[in-house]
Amino acid sequence: MKKAIVIGINGQDGSYMAEWLLSERYQVLGWVRPGRLNAVENLLSIQDLISLQEIDLTESEEIIHSLEKFQPDEIYNLASPSRPHESWQYAVNIGDVTAAGVTRILEAILQVNPLIKYYQASSSEMFGSPTESPQNEKTAFAPRNPYGVAKLYAHWMVQNYRHYHHLFAVSGILFNHESPRRGKDFVTRKIARGAAKIKLGLSNDLVLGDLDARRDWGYAPDYVHFMWLMLQQDQPTNYVIGTGKTNSVRDFCEEAFSYLDLDYRDYVVQDPLLVRPKETIQLVADPSKACRLLGWEAKTNFKEIVQIMVSAEMNDLQGTHNPPQQEMNNFIINRRNLS
Ligand code: NAP
């Protein structure tokens, strides 16, 4: 039985990754940050099948000790504060966790067992203000916030440890990916929940920023499959992952409200104070390397993602079922379709 550590297991991607690994019959140890052992909302359906440990990514000794004890084959590092625009509020701390934390893990791998394979959650935010569109593995980086800078430091360290120390350490440069487990402050989740509340008479309107902002949105369970695939290859290398298509916030609203037989124009209000400066060059993935070498493709399209998210919010607000369990079922069905 293979063993994997999922860092940030209670987040969106961490919880889907744990489910994926269990379905592949791994023994799974999840790391959560100090004080978050009870924050297991996303793990309810699998909590008896995994082990959890509190690890502080600023403490090398804790990291080394956990690796020595568990002896993993693979590590998926999905932990980081994940709201780029807010990262100015904790610019020093994000460097310690998201940037230097990765060096601590790589050093621990070297010390405990250099054969451990390592996946790093890099981000399209590293492209920041790109000079070309779409972006691929060779596009120049130009991060615009502490999150992007910290992710870029980690990205380069992973590449350097791979070249200098010959570790099997890789980065997936992922574009936005969503699901019912997306953080509540992200725009897709706000729209899905807002539309469901309006449908149920719990709210009258939904206030958003720029409706014309465009994003390359994929489905998180599809993306964790790709992360796992990267560690199953003979040669370690980085990949860009995204759908290669963009949709606007307005498109998301239109789809979400019409799924509930509503017209978004009757409810959505644009607040100019929430509008961010426009990107001059569109952020959108060129995932052709992953398609060519890994046979990867996004299985779930934009319309399906919106519908999955809105249904989950309706069910949650109506208390009709336990969303994580329902999602786990959907995930297993999707997983069967992939294999
Ligand atoms: P998420 O749901 O916000 O999960 C982030 C995880 O990191 C959570 O387990 C969170 O734990 C943990 N974390 C937050 N602050 C931490 C800290 N100071 N020390 C240790 N752990 C901390 O994000 P996600 O969408 O699953 O994303 C997973 C990874 O992919 C992240 O590294 C993110 O930056 C990256 N990424 C995401 C996207 C995307 O569109 N989703 C795109 C590109 C890259 P708590 O629950 O305790 O806060």
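**Figure 1. Residues around the ligand in the predicted model.** The ligand is surrounded by 23 residues, of which Asn10, Arg33, Arg36, Ser82 and Tyr147 come nearest. By residue class, this shell comprises eight nonpolar, ten polar and five charged members. At least two shell residues each are supplied by helix 1 (12-23), strand 5 (117-123) and helix 4 (146-165). Strand 5 gives the most, with three residues.

**Figure 2. Backbone atoms and ligand oxygen atoms.** A polar backbone atom of aspartate 13 is 2.8 Å from an oxygen atom of the ligand. For glutamine 12, a backbone N or O atom lies 2.9 Å from a ligand oxygen atom, and for leucine 78 the corresponding distance is 3.4 Å. The ligand taken alone exposes 880 Å², and 88% of that is buried by the protein.

**Figure 3. The largest nonpolar core.** This core has 37 residues, and those touching the most other members are Leu21, Val28, Tyr76, Tyr119 and Phe226. Elements that each supply at least two of its residues include strand 1 (3-7), strand 2 (27-32), strand 6 (169-174) and helix 8 (288-294). Helix 6 (220-231) gives the most to the core, with nine residues.

**Figure 4. Surroundings of phenylalanine 226, and a separate core.** Leaving aside residues up to four places away in sequence, phenylalanine 226 touches Gly172, Leu174, Tyr239, Ile241, Ala290, Leu294 and Trp296. Apart from the largest core lies another, of 27 residues, including Leu29, Trp31, Ile75 and Ile105. In soluble globular proteins, nonpolar side chains tend to be buried together.

How values were computed:
Residues numbered from 1 in each chain as written. Predicted model: local features only at pLDDT ≥ 70, side-chain atom pairs only at ≥ 80, totals over all residues. Heavy atoms only, no water. Near = heavy atom within 4 Å. Polar contact = N/O pair within 3.5 Å; in protein donor to acceptor, adjacent residues only side chain to side chain. Areas by Shrake-Rupley, 256 points an atom, 1.4 Å probe, with all protein chains shown as cover. Helix = DSSP H or I, 4+ residues; strand = E, 2+ residues; numbered from the N terminus. Nonpolar A, V, L, I, M, F, W, Y, C, P; charged D, E, K, R; others polar. Core = buried A, V, L, I, M, F, W, Y, C linked by side-chain atoms within 4.5 Å. Buried < 20%, exposed > 50% of the residue type's maximum accessible area, 1.4 Å probe, protein only. Contact = heavy atoms within 4.5 Å.
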